[in-house]
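Subject: Structure handover

Hi there,

Here is the structure I promised to pass on to you. Have a look at it first, and then read on for my notes.

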Amino acid sequence: MNEHSRAKTLGDYLKSRRNRLQPEQAGFKASYGNRRTPGLRREEVAILAGVSPTYYAWLEQGREVTASREIMESIGKALKLTADEHTYLMKLWNPHEPEIIPSINTMLNTQWREIIGQLSYPSFISNERSEILAWNDEAARTIVDFAAWPDVERVMLRVLFVDPGLRSRMVNWEEFARHSVAVFRTYYDKHLNDPWYINMVDQLAEESEEFNAMWKLHNIQLKTVNRVFLRSSDSAAQTAAYDIHSFMSPTEHPDVHICVYTPVSEAE
């Protein structure tokens, strides 16, 4: 079995959502038998979804079995998925989507570098790997001195976990890290057979126990406006809040995002 196949990824995801869901949340009594699982049993999900326990077990095991949209919808409801999680589940299930490795942009049009250079707010451009392709002076001053990182290591997710300076200044580091890992997971599973993603996750899992723990949760989240609180590098007592807005670039770079940190007023 290919450990990075779509079926295997789907199975791992179903298991992670099942383990998260407590029996009482699904309408089962907490004392229902002797439980050795952290959440629901496979049999209980099968009952809620209206499928056979064996069939559901095969799905979790990553076997190449045929599942209709109706079945996947029922399983999603049984697992009480959020809107983002349901969208993600259906993308994993879609049997008509070819298993190819989409190309990743690592080069930018000069004009886009010039555009963020003119912005007064901290801004940078990254791709789906979270590789930093360009940044402005305000981002280097407020977030991270990106120029100090070698090109191959200038990956925002990795910087977030291994740069002690950024971590010490980010007040809501754990919340932000969990969000970042969940967003990265959606891209990882989109590029299932890309060695870059596999190697990056393996490397980070060795470098950071916290990343490894967050990764095993298999949480996913689409990019949304996210708020971060950063202490000034000049004064530990001075903290500023920023909303992170992510914009997709034009069609020439469909996988590239422009991230702008806009200051939040005290009134908010």
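Below is what I found, going from the whole chain to single residues.

**Overall picture**

Please keep in mind that this is a predicted model. The chain has 268 residues, and 48% of them count as buried. You will find 12 helices and five strands along the chain. Of the contacts between residues at least 6 apart in sequence, 55% join residues at least 24 apart. The exposed area of the chain comes to about 14,200 Å², with 51% of that supplied by carbon and sulfur atoms.

**Salt bridges**

Searching the whole structure turned up 18 salt bridges. Three of them may be handy for you to look at.

Let me begin in helix 1. There, Lys-8 and Asp-12 are joined through their side chains in a salt bridge, with 2.9 Å from N to O. The two residues are four apart in helix 1 (residues 6–20), so about one helical turn separates them. Both ends of this bridge are partly exposed: Asp-12 has a relative accessibility of 30%, and Lys-8 has a relative accessible area of 21%.

The next bridge pairs Arg-20 with Glu-85, and here the closest N and O atoms are 2.6 Å apart. This pair links distant parts of the chain, as Arg-20 belongs to helix 1 and Glu-85 to helix 5 (residues 83–93), 65 residues apart. Arg-20 is partly exposed at a relative accessible area of 34%, whereas Glu-85 is buried at 6%. Arg-17 comes into the picture as well, since a network of salt bridges links Arg-17, Arg-20 and Glu-85.

A third bridge brings together the side chains of Arg-158 and Glu-207, at 2.7 Å from N to O. Again the pair links distant parts of the chain: Arg-158 sits in helix 8 and Glu-207 in helix 11 (residues 195–207), with their positions 49 residues apart. In this bridge the arginine is the buried partner, as Arg-158 has 9% relative accessibility, while Glu-207 is partly exposed with a relative accessible area of 36%.

**Around helix 5**

Which residues of helix 5 are buried? They are Glu-85, Tyr-88, Leu-89, Met-90, Leu-92 and Trp-93. As for their surroundings, the buried residues of this helix pack against helix 1, helix 4 (69–78) and helix 10 (173–190).

Leu-222 also belongs in this part of the story. Its place is the loop between helix 12 (209–216) and strand 3 (226–231). Leu-222 and Glu-85 are 137 residues apart along the chain, and their C-alpha atoms are separated by 8.9 Å. Leaving aside residues up to four places away in sequence, Leu-222 touches Asp-84, His-179 and Val-183. With a relative accessibility of 34%, Leu-222 counts as partly exposed.

**Aromatic rings**

The search of the whole structure also gave 13 aromatic pairs. Ring pairs tie Phe-161, Trp-173, Phe-184, Tyr-188, Trp-196, Tyr-197, Phe-211 and Trp-215 together into a cluster. Arginine side chains meet two of these rings. Arg-167 has its charged end over the ring of Trp-173, 3.7 Å from the ring centre. Likewise, the charged end of Arg-185 sits over the ring of Trp-215, at 3.8 Å from the centre.

**Arg-154**

One more residue to click on is Arg-154, in the loop between helix 7 (137–142) and helix 8 (156–162). Is Arg-154 buried or exposed? With a relative accessible area of 10%, Arg-154 is buried. Its side chain makes a polar contact with the side chain of Asp-151, at 3.0 Å. Not counting residues up to four places away in sequence, Arg-154 touches Ser-130, Glu-131, Ile-132, Trp-135, Phe-146, Ala-147 and Trp-149.

**Where to start**

If you open the model with little time to spare, I would go to Glu-85, which is buried and forms a salt bridge with Arg-20. From there you can move on to the aromatic cluster, which includes Trp-173 and Trp-215.

Happy browsing, and best wishes!

Technical notes:
Residues are numbered from 1 along each chain as its sequence is written. This is a predicted model: local features need pLDDT of at least 70, side-chain atom pairs count only at pLDDT 80 or more; totals for chains, interfaces and linings use all residues. Side-chain values use heavy atoms; hydrogens and water are left out. Buried means under 20% relative accessible area, exposed over 50%, partly exposed in between (1.4 Å probe, protein chains only). A polar contact is a pair of N or O atoms within 3.5 Å; within protein, one must be able to donate a hydrogen and the other to accept it, and residues adjacent in sequence count only if both atoms are side-chain atoms. Contact means heavy atoms within 4.5 Å. Accessible areas come from the Shrake-Rupley method with a 1.4 Å probe; for residues, only the protein chains shown count as cover. A salt bridge is a side-chain nitrogen of Lys or Arg within 4 Å of a carboxyl oxygen of Asp or Glu. Rings of Phe, Tyr and Trp (its six-membered ring) pair if their centres lie within 6.5 Å; planes under 30 degrees apart count as stacked, over 60 as edge-to-face and the rest as tilted. A charge sits over a ring if NZ of Lys or CZ of Arg is within 6 Å of the ring centre and within 35 degrees of the ring normal.
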